Amino acid sequence: MMRAGRLLAGLGLVLVLAACATPTRIGGQGQAFERIGRFAVNLQPVAQPPYAAQGGFSWRDDGRALRLDLSNPLGSVLARIRVEPGSSVLERADGSREAAPSPDALLTRIWGHPMPVEGLRYWIRGQAEPGRDAVGVQRDEQGRLTALRQDGWDARLSDYDDQGPLRVRLSRRDDQGQWRLQLIMDRP
């Protein structure tokens, strides 16, 4: 009986340590904006059960191509998203794929309703998406962006390092439901 308790305690410790698995950098050639960290998403679609997920992410954007790997808390890649001019592809861990001409169109295809997400490429750097209206813009005493509303998203950016915010909180409410996403970047 005591042996089984020790085994369960040891297994619990292994699971706790594994849940802290750090995502790995994607790497590649040339200069790129890279971040690794954790994400949490909470979705409350109208007339559907809520959905929540969390895990790790690795982000690499060289200005032309963007790659985003999403992993579960144990570190296994759940999905890989590649964005290049005129093409956005989601590849799931089971090998299934979805493709569309843009990230916004890809999410529309996956979720069945429009969900503008192209601004995330800028918000993660602490910038407003160029060419789109931004309201409620707030900046801290160093002139860094701390809040804005763009494409229906309320963005809160904080805890900056030299690459941008270490914390990005996004929320959106529309006729399809309520959406929340939080990204917490690891310090380099």
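Start with the secondary structure: the protein has three helices and 11 strands. Keep in mind that the model is predicted. Colour the chain by element and follow the order α-β-β-β-β-β-β-α-α-β-β-β-β-β along the sequence.

**Stop 1: the whole protein**

Show the surface. About 11200 Å² is exposed, and carbon and sulfur atoms supply 53% of that area. Of the 188 residues, 35% count as buried. Now think about contacts. Among those with a separation of 6 or more, 36% link residues 24 or more positions apart.

**Stop 2: the largest pocket**

Which residues lie nearest the centre of the largest pocket? Select V41, L70, I81, L107 and W111. They belong to a lining of 47 residues. Next, highlight the elements that give two or more residues to this lining. Among the strands they are β1 (33-45), β2 (51-61), β3, β4 (77-84), β5 (87-92) and β11 (177-185). The helices α2 (103-111) and α3 (120-123) also contribute. The volume of the pocket is about 1300 Å³. Colour the lining by residue type: 35 residues are nonpolar, six are polar and six are charged.

**Stop 3: L70 in strand β3**

Stay with one of the residues nearest the pocket centre, L70. L70 is found in strand β3. Is L70 buried or partly exposed? L70 counts as partly exposed because its relative accessibility is 22%, and buried would mean under 20%. Show what surrounds L70. Leaving aside neighbours within four places in sequence, L70 is in contact with F39, G56, F57, S76, V77, L78 and A79. Then draw a distance from L70 to Q54. Their C-alpha atoms are separated by 9.2 Å, and the two residues are 16 apart along the chain.

**Stop 4: D69, one place back**

Select D69, also in strand β3, which spans residues 66-71. D69 has a relative accessible area of 8%, so it is buried. What does the side chain of D69 make a polar contact with? Its partner is the side chain of R67, at 2.8 Å. Beyond residues up to four places away in sequence, D69 touches I26, G56, F57, S58, A79 and R80. Compare the two stops: G56, F57 and A79 appear in the contacts of D69 and in those of L70.

**Stop 5: L90 in strand β5**

Move to L90, in strand β5. L90 is buried because its relative accessible area is 9%. Show its surroundings. Not counting residues up to four places away in sequence, L90 touches A79, R80, I81, S96, R97, E98, L106 and I110. Pick A79 from that list and draw the distance. The C-alpha atoms of L90 and A79 are separated by 6.8 Å, with their positions 11 residues apart along the chain counted as the separation. I81, touched by L90, is one of the residues nearest the centre of the largest pocket.

**Stop 6: E129 in a loop**

Finish at E129. Where does E129 lie? Look in the loop between α3 and β7 (135-139). E129 counts as buried because its relative accessibility is 8%. Now show G119. Its backbone nitrogen lies 3.4 Å from a polar atom of the E129 side chain. Other residues join in: apart from those up to four places away in sequence, E129 touches E118, G119, Y122, W123, Q150 and D151.

Key
Residues are numbered from 1 along each chain as its sequence is written. This is a predicted model: local features need pLDDT of at least 70, side-chain atom pairs count only at pLDDT 80 or more; totals for chains, interfaces and linings use all residues. Side-chain values use heavy atoms; hydrogens and water are left out. Helices (H or I, at least four residues) and strands (E, at least two) are DSSP runs, numbered from the N terminus. Buried means under 20% relative accessible area, exposed over 50%, partly exposed in between (1.4 Å probe, protein chains only). A polar contact is a pair of N or O atoms within 3.5 Å; within protein, one must be able to donate a hydrogen and the other to accept it, and residues adjacent in sequence count only if both atoms are side-chain atoms. Contact means heavy atoms within 4.5 Å. On a 1 Å grid over the protein atoms alone, a cavity is a set of points where a 1.4 Å probe fits but cannot get out, and a pocket is an open set with protein on both sides within 12 Å along at least five of seven lines; lining residues have an atom within 4 Å of a point. Grid points are joined across faces, edges and corners, and a volume is the space filled by probe spheres set on the points. Ala, Val, Leu, Ile, Met, Phe, Trp, Tyr, Cys and Pro count as nonpolar, Asp, Glu, Lys and Arg as charged, and the others, Gly among them, as polar. Accessible areas come from the Shrake-Rupley method with a 1.4 Å probe; for residues, only the protein chains shown count as cover.
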